[in-house]
Amino acid sequence: MIAAIRGTHDILPGEVEKWQLVEETARQLCARYGYLELRTPIIEHEELFAKGTGESTDIVQKEMYSFTDKGGERVTMRPEATPSMVRAFVEHNLEQTLPAAKLFAMGPMFRYERPQKGRYRQFHQLDVEVFGVNDPAIDAEVIDLAWMLIAALGIERAELVVNSVGCAQCRPAFQEALLKALGDDLPRLCEDCQRRARTNPLRIYDCKVEADQPIIDRLPHSIDYLCEPCATHFRDVRAHLDAFGIPWSLSHRLVRGLDYYTRTTFEILGQALGAQNALLGGGRYDGLVKDLGGPDRPGIGFAAGLERLVLALPASAAPAVPARAFVVAIGDDGRREALVLLRELRAAGLAAQMEFEAKGVRAQMKRADRLQARVALIVGGDELARGEVTLRTMANGDQRSAPRADIVEIVRGLLT
Ligand code: HAM
């Protein structure tokens with residue numbers, strides 16, 4: 001037997017209904033907030049992520065599924081959606097053609113991470129992005145959409161954390177302060193942190209190595225180094241959240257593991273997810289569109305991990321079994337008529353099934369039970385000769401006869 005690749009998974013019937021619930025809820029909310037769906041390819045030029053996600057990130061350094069294709073081109077299976085969304089926004093000049101550059105996408109992402117609960121190598125995201133809006137009200141709208149999603153799914157005890165990582169103007173002073181504060185401790189940090197100190201000191205906050213934590217806890221906080229415009233922006237974002245009644249807390253360590261962030265960063269953390277507790281994360285990225293060759297436009301967005309949303313769903317979120325009928329055939333004549341009735345029911349928009357292999361009525365009824373059919377229609381024998389069909393209500397076993405000609409409408413009444 002050839003098994004699925006480590007870190008990938010099949011989403012089986014029984015589980016997939018929860019996914020559909022999450023996806024449907026996300027789609028409805030995005031539509032309500034005015035976000036349009038954009039679908040981008042799963043493979044892109046490697047350069048898009050090297051530049052977009054950032055050379056100093058763990059994703060680009062260690063986790064990308066990159067390969068040389070048969071034409072000799074370096075391509076990457078997307079580890080995240082944001083660079084692709086930016087590319088499409090620029091490539092199709094969407095700011096001219098769309099009424100508002102508010103977009104969402106859903107689909108698989110690929111990162112070569114160590115698999116564990118809530119962390120996979122192929123996982124799925126809902127990605128939401130807005131281009132071209134500086135106003136802090138859009139930061140609040142995006143965070144509100146994320147918060148609404150969690151609430152609409154009935155996920156309880158979720159926690160919103162926010163931070164601001166400043167901009168190109170104030171970042172250098174913060175980085176300098178970080179390095180200064182590290183001072184003699186730097187050689188004691190892990191190898192990754194040594195590299196981070198050289199390439200992007202902010203990334204030191206991504207470190208998960210236990211021994212490094214006491215040193216990192218003593219490092220300065222980005223919000224103490226914000227320039228005036230960044231400080232005002234962040235104050236306004238928090239004021240909007242307060243006005244919306246969305247509870248938040250400040251997390252100094254929330255620099256997020258991607259290089260493009262500026263100003264607002266945020267995550268919503270869930271309970272019962274173990275170490276991988278981020279249901280979603282995002283922030284502002286005011287330089288990325290320009291860095292990727294587009295016009296100088298700000299951006300903000302977030303991505304939610306669909307696996308994690310599904311894991312966090314309350315047990316009560318199990319989708320209801322759809323109401324359906326089951327057609328039982330007696331004898332060959334009955335079977336011919338049963339097949340015709342089955343098709344009539346379906347053509348009328350009703351869910352109906354039949355058993356093709358088992359011949360006995362008992363075996364057919366057993367299948368109806370397993371399918372949790374609401375009503376069984378028994379076709380055949382003397383009744384059929386009289387132009388009638390037997391209706392059996394599965395919940396209580398009640399049976400009655402009804403004219404064949406009226407069956408579809410009677411079943412419609414029973415199922416809807
Ligand atoms: P991210 O924090 O790397 O951000 O990922 C967002 C979410 O995707 C995480 O909070 C988590 O729920 C889920 N996720 C990430 N990696 C895995 C994994 N290996 N297995 C399962 N779930 C995972 C981004 O991707 C940014 N593009 C978000 C963004 C959009 N920022 C601005 N716009």
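This is a short selection tour of a predicted model, going from the whole chain to one strand and then to one helix.

**Whole protein.** Start with all 416 residues in view. The C-alpha trace spans about 95 × 50 × 45 Å along its principal axes. The radius of gyration is 28 Å, whereas a compact globule of 416 residues would have one near 22 Å. Colour by secondary structure: there are 16 helices and 16 strands. Buried residues account for 49% of the 416. Of the contacts between residues at least 6 apart in sequence, 68% join residues at least 24 apart.

**Surface and charges.** Switch on the surface, which comes to about 20,500 Å² accessible, with 51% belonging to carbon and sulfur atoms. Then mark the 52 positive and 58 negative charges; their mean positions lie 4 Å apart.

**Strand β9.** Next select residues 262–269. Is this strand buried or exposed? Of its 8 residues, 8 are buried, so β9 is largely enclosed by the rest of the structure. Add residues 159–164, strand β7, which pairs with β9 in the antiparallel sense over 6 bridges. Here asparagine 163 stands opposite threonine 265 of β9. Now add strand β10, residues 278–284, which also pairs antiparallel with β9, over 6 bridges. In this pairing phenylalanine 266 of β9 faces glycine 282 of β10.

**Helix α8.** Finally, select residues 191–199. Which residues of this helix are buried? They are Cys193, Arg195, Arg196 and Ala197. To see what these buried residues pack against, show α3 (58–63) and α7 (171–182).

Notes:
Residues numbered from 1 in each chain as written. Predicted model: local features only at pLDDT ≥ 70, side-chain atom pairs only at ≥ 80, totals over all residues. Heavy atoms only, no water. Buried < 20%, exposed > 50% of the residue type's maximum accessible area, 1.4 Å probe, protein only. Helix = DSSP H or I, 4+ residues; strand = E, 2+ residues; numbered from the N terminus. Pairing = 2+ DSSP bridges. Contact = heavy atoms within 4.5 Å. Rg over C-alpha atoms; globule rule 2.2 N^0.38 Å. Areas by Shrake-Rupley, 256 points an atom, 1.4 Å probe, with all protein chains shown as cover. Lys, Arg positive; Asp, Glu negative; His and termini not counted. Charge placed at Lys NZ, Arg CZ, Asp CG, Glu CD.
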